[in-house]
Amino acid sequence: AEAWEHVRAHPLDLVRGLLRKTVRHFASYEIPRNENLETLRQAAPVLRWTYPVFPLTACLALIGLVSMPPSGRRLGLVLLAPWISALVTEVVYFNASRYRSASLPFLIPFAVLGAGRCCQDLRARRLARTALALLALAAAGLAGGRIVSALERRQHLSASTFKSAMLEAYA
């Protein structure tokens, strides 16, 4: 009851908070849940391999969806439903963008379609569209790396290191 009273009294705080969480979904930093990915990379060499950077993948997927014929966009939205549901669930219920990795496979086909569209535009010398796509990708890449601050990343790493040390000490 108190929560709803606060929302009624400060609706803009709710909107700002939901927008902030939506933006955090597109960060290139994976907010850890139980283990920090950086810690796991030290223990598992396969995790050192490059994986798709989320904001670039999402940007290419959007380009892919927009480049589909209008008749195919409805099907595209259906195929993107798992990602959309992950986004909505994270924004409404969870405090971080740590659950988005399960939805990444649903973005990749559209990202491939978007990359293909960019290549077609470049080959056809549609320079304005190519420049717009490259600008969007550059903005996504730059912004994605700045959404989660270096201080917050260090805090996540510290918490993960502390948790690991405590588990080791009491094992």
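**Salt bridges and a helix pair**

User: How far apart, N to O, are the side chains of Asp-13 and Arg-16 in their salt bridge?
Analyst: This is a predicted model, where local features need pLDDT of at least 70 and side-chain atom pairs pLDDT 80 or more, while totals for chains, interfaces and linings use all residues. Residues are numbered from 1 along each chain as its sequence is written, and side-chain values use heavy atoms, without hydrogens or water. A salt bridge puts a side-chain nitrogen of Lys or Arg within 4 Å of a carboxyl oxygen of Asp or Glu. For Asp-13 and Arg-16, the N to O value is 2.7 Å.

User: Is Asp-121 buried or exposed?
Analyst: Asp-121 joins Arg-126 and Arg-129 in a network of salt bridges. Its relative accessible area is 4%, and under 20% means buried, over 50% exposed and in between partly exposed (1.4 Å probe, protein chains only). Asp-121 is therefore buried.

User: How are helix 4 and helix 8 oriented to each other?
Analyst: The axes of helix 4 (residues 54-67) and helix 8 (residues 127-146) come within 8 Å and cross at roughly 150 degrees. Angles under 35 degrees count as roughly parallel, 65 to 115 as roughly perpendicular, over 145 as roughly antiparallel and the rest as oblique. Helix 4 and helix 8 are therefore roughly antiparallel.

User: How many nonpolar residues take part in the contact of helix 4 with helix 8?
Analyst: Leu-60 and Ile-63 are among the helix 4 residues that meet helix 8, whose partners include Ala-133 and Gly-144. This contact (heavy atoms within 4.5 Å) has no charged residues and two polar ones, and its nonpolar residues number nine.

Key:
Axes fitted to C-alpha atoms, helices over the stretch in contact; angles between N-to-C directions. Helix = DSSP H or I, 4+ residues; strand = E, 2+ residues; numbered from the N terminus. Nonpolar A, V, L, I, M, F, W, Y, C, P; charged D, E, K, R; others polar.
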